[in-house]
Amino acid sequence: MSTTATMEKPPTADNAVFSVDGLWKVFGPKADRVPEDAELSALAPADLRAQTGCTAAVRDVSFDVRKGEVFVVMGLSGSGKSTLVRCLTRLIEPTAGTICIDGEDVRAMDKARLRELRRHRAAMVFQHFGLLPHRTVLDNVAYGLEIQGVGKAERRARAAEVVAKVGLEGMEQRKPSQLSGGQQQRV
């Protein structure tokens, strides 16, 4: 019996902490054939839809993000930004490509490992904020720590620090409906 061990490089300024290569998300019948077929993958969006009934929301995206780097995804409405970001943590299953965080293959993760990734290593801010309307500002900010199992006193103290950093001190007990759109976004 033999065993194989793999060594993962720790992230440095020179290697990617987050690496995406050839990522596709295609919606429609037999979507997996689109990235595999050079002729189909080269079609314009309208032609692809007419010929296959498929829509390529994310089309052959590749990038690396290094430790300490700020990376921004920008584009017009409907260009696939949210779909791309949801694919990165498999909130939406990608059709093709690779996604690695610290050298670990995100597409190979089982449900338990994905849950761990989403709780502790990768997160996203939804464009519609995703605030829980029945919770206060402080409890909404502390929610991620609650999911991680952090005790109530610690999570509320840490959340209070963050609330102050974003200029919402004094609003900790307000509900989302009592805030402006900009304030909700900061929460």
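Okay, before the picture, one definition: I'll say that two strands pair if DSSP finds at least two bridges between them. And keep in mind that what you see on the screen is a predicted model.

So, the sheet. What is the order of the strands in this open sheet? There are four of them, running β2-β1-β3-β4, and the pairing is antiparallel. β2 and β4, residues 104-105, are the edge strands, so called because each pairs on one side only. If you look at β1 and β3, they run antiparallel and are joined by five bridges. One residue to click on there is Ser19, whose bridge partner in β3 is Cys100.

Now put a helix on that. α4 lies across β1, β2 and β3, and its direction makes an angle of about 120 degrees with β1.

Let's stay in β1, residues 16-27, and go to Lys25. Is this lysine buried or exposed? Lys25 has a relative accessible area of 12%, and the cut-off for buried is under 20%, so Lys25 counts as buried. Who is around? Setting aside neighbours within four places in sequence, Lys25 touches a string of residues, including Thr55, Val58, Thr83, Cys87 and Ile92. Glu93 is on that contact list too. Along the chain, Lys25 and Glu93 are 68 residues apart, yet their C-alphas sit 7.5 Å from each other in space.

Next, hop to the loop between α4, residues 81-88, and β3, residues 96-101, where you'll find Thr89. Thr89 comes out at 9% relative accessible area, again under 20%, so Thr89 is buried as well. Beyond its neighbours within four places, Thr89 contacts Leu114, Leu117, Arg118 and Ala122.

For contrast, take the loop on the other end, between β2, residues 55-66, and α4: that's the place of Met74. Met74 has a relative accessible area of 73%, and exposed starts over 50%, so Met74 is exposed. Met74 also has company: with Val70 and Val72 it forms a nonpolar patch on the surface, and together they have about 380 Å² of accessible area.

Last stop, helix α6, residues 137-147. Which residues are buried there? Val137, Leu138, Asn140, Ala142 and Leu145 are. Part of the cover over those buried residues comes from α7, residues 152-165. And after α6 you come to Gly149, with a positive phi, near 90 degrees.

That's the tour. Shall we rotate the model?

Technical notes:
Residues numbered from 1 in each chain as written. Predicted model: local features only at pLDDT ≥ 70, side-chain atom pairs only at ≥ 80, totals over all residues. Heavy atoms only, no water. Helix = DSSP H or I, 4+ residues; strand = E, 2+ residues; numbered from the N terminus. Buried < 20%, exposed > 50% of the residue type's maximum accessible area, 1.4 Å probe, protein only. Contact = heavy atoms within 4.5 Å. Patch = residues over 30% accessible without salt bridge, like charges linked within 9 Å, V, L, I, M, F, W, Y side chains within 5 Å. Areas by Shrake-Rupley, 256 points an atom, 1.4 Å probe, with all protein chains shown as cover. Salt bridge = Lys/Arg side-chain N within 4 Å of Asp/Glu carboxyl O. Axes fitted to C-alpha atoms, helices over the stretch in contact; angles between N-to-C directions.
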